[in-house]
Every structure is written in structure tokens, then in C-alpha cells.
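Subject: A structure for you to look at

Hello,

Here is the structure I promised to pass on. Please open it and keep it beside this email while you read.

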Amino acid sequence: MTIAKSELILGGQKSGKSRRAELLARQWLDAAPDHEAVLIATAQPWDEEMRQRIARHQADRAERVPGMRTVEEPFALAEAIRQHSNARTLVVVDCLTLWLTNLLMPAENASNSAVAPMDSARIASLLIAIQESAGPVVLVGNEIGLGVIPMGREVRAFVDALGRLNQDVAAVCERVTLMAAGLPLYLKGAP
């Protein structure tokens, strides 16, 4: 498996997205002794279930890719990519969907169900950070637009925003991979 300069990995929940990103990071680390890998985690521990999920992901990741560092950044994603990118470092972003959730549907606004408008400058900054990254960037995100049309204005607005974000990121990435049942389907830039 070759590592692209930038790869967007999409799929449904438990489709193998994060596992593929970890496999790429492990391959990168094994390729040269001076290689590094950093995971930019966008999840926030909103409740007990999410805290447990984060802890499980951290433990699993430490076992599968022991050399990968983790940086938590729920909002300033473009800045984090710029900060950690260099020619020897592979950056994994897990995940774009939670990042967008943090921006559009913040937990502290749970009582106000309106979806915040997306800041197009923030998206543009992310796209530039991906394109200008000195080392490889692997981005994980959910493909949630394949099912039925969700009931509720807020959920439909979020699904639309995520679809646009996925399209924008896919346009600037060298490779786009759709995961299903743990298997990769290359949509763009097949190795």
C-alpha cells in the first residue's frame, strides 16, 4: 500500500476508516527510523459514553500504532495540521465529522437546536493546510448521506454541510478511499 500525499478516507460507522488510517501511519513509521506520525483527534468527551469511547480508541491505537502521538484539537484543525506537518511526519485527522459537529452543533448550545452557519473561511483554511502540508495527511470522515433523508431541519442541514465538506476535501486530496466492511474502494488516485 502506497501512501499518498493526502488521502481522505470516508465510510460509515465501523467501516474500517480509522483502522486504515492507523495502518497507513504504521506503514509510514516502519518505512524509516526518522519518520513520525501524529493523530489530531477532534472528539470531545461530551458525556460518559463518549469518554469511554475515546478511552477505548486511545487504548486500541496505542496497541496498533505505538509510535503515534496524539494531539487533541476540536476546533483549530487547519492550524494543527500546519503546526505538526513536516516532511518526516504523517498527520492523521480523526475525524472531520466530529470537527464539523464541534463547529456547527456545539454541545454547550444543546438547548438551542439551530445549526450554526458554517464559516467558509475556516473550510478554505483547512483546504489550504491540506494542500500545503509538507508531509502526508490522512483525513478520516463519515459518509452519512447514503441513507434516508433525515427528519428534522437541523439534521438535514448538518448532513448537507458534511456532504459539502467531504466534496471540498475530496477535491484537494490526491486519493479518496471509501471503506465498506473493512475493505477499501478507491474513488480517486488508486495506488
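Lysine 14 sits in the loop between strand E1 (6-11) and H1. Take a look at its backbone. Lysine 14 is not a glycine, yet its phi is positive, at about 60°. Keep in mind throughout that this is a predicted model.

A second backbone detail is found at aspartate 94 and cysteine 95. The peptide bond that joins these two residues is cis. Its omega is about 10°. Cysteine 95 belongs to the loop between strand E4 (89-94) and H4.

**The largest pocket**

Aspartate 94 comes up again here. Asp94 is one of the five lining residues that lie nearest the centre of the largest pocket. The others are Ser18, Arg53, His57 and Leu98. The lining has 35 residues in total. The volume of this pocket is about 860 Å³.

Which elements supply at least two residues each to this lining? There are helices and strands among them. The helices are H1 (17-31), H2 (48-64) and H4 (96-104). The strands are E2 (36-41), E3 (68-72) and E5 (137-142). H2 gives the most, with 9 residues.

The lining is mixed in character. It has 12 nonpolar, 12 polar and 11 charged residues.

**The second largest pocket**

Now move to the second largest pocket. It holds about 150 Å³ of space. Its lining is made of 13 residues. Nearest its centre are Leu100, Leu104, Met118, Ala161 and Arg164. Two or more lining residues come from each of H4, helix H5 (120-132) and helix H6 (153-172). H6 has the largest share, 5 residues.

How does this lining divide by class? It has 10 nonpolar residues, 1 polar and 2 charged.

**How H4, H5 and H6 pack**

The three helices that line the second pocket also touch one another, so to speak, in pairs. The contacts are listed pair by pair below. Two packed helices are described by the angle between their axes and the distance between the axes.

Start with H4 and H6. Their axes come within 11 Å and cross at roughly 130°. That angle makes H4 oblique to H6. The crossing is right-handed. On the H4 side, the contact uses Leu96, Thr97, Trp99, Leu100, Thr101 and Leu104. On the H6 side, it uses Phe158, Ala161, Leu162, Leu165 and Val169. These contact residues comprise 9 nonpolar and 2 polar, with no charged residue. Note that Leu100, Leu104 and Ala161 are also among the residues nearest the centre of the second largest pocket.

Next come H5 and H6. Are they roughly parallel or roughly antiparallel? Their axes are 9 Å apart, at an angle of about 25°. Angles under 35 degrees count as roughly parallel. H5 and H6 are therefore roughly parallel to each other. H5 passes H6 in a right-handed crossing. H5 brings Ile123, Leu126, Leu127, Ile130 and Gln131 to the contact. H6 brings Leu165, Asp168, Val169 and Val172. By class, that is 7 nonpolar, 1 polar and 1 charged.

Last come H4 and H5. The two axes cross at roughly 155° and come within 12 Å. This makes H4 roughly antiparallel to H5. The crossing of H4 and H5 is right-handed. Leu96, Trp99 and Leu103 of H4 meet Arg122, Ile123 and Leu126 of H5. Of these contact residues, 5 are nonpolar, none is polar and 1 is charged.

Some residues appear in two of these contacts. Leu96 and Trp99 of H4 meet both H6 and H5. Ile123 and Leu126 of H5 take part in the contact with H6 and in the contact with H4. Leu165 and Val169 of H6 meet H4 and also H5.

Try finding each of these residues on the model yourself.

Best wishes

How values were computed. Residues are numbered from 1 along each chain as its sequence is written. This is a predicted model: local features need pLDDT of at least 70, side-chain atom pairs count only at pLDDT 80 or more; totals for chains, interfaces and linings use all residues. Side-chain values use heavy atoms; hydrogens and water are left out. On a 1 Å grid over the protein atoms alone, a cavity is a set of points where a 1.4 Å probe fits but cannot get out, and a pocket is an open set with protein on both sides within 12 Å along at least five of seven lines; lining residues have an atom within 4 Å of a point. Grid points are joined across faces, edges and corners, and a volume is the space filled by probe spheres set on the points. Helices (H or I, at least four residues) and strands (E, at least two) are DSSP runs, numbered from the N terminus. Ala, Val, Leu, Ile, Met, Phe, Trp, Tyr, Cys and Pro count as nonpolar, Asp, Glu, Lys and Arg as charged, and the others, Gly among them, as polar. Axes are lines fitted to C-alpha atoms, for helices over the stretch in contact, and angles run from 0 to 180 degrees between N-to-C directions. Angles under 35 degrees count as roughly parallel, over 145 as roughly antiparallel, 65 to 115 as roughly perpendicular and the rest as oblique. A crossing is left-handed if the near helix is turned anticlockwise from the far one by less than a right angle, and right-handed if clockwise. Contact means heavy atoms within 4.5 Å.
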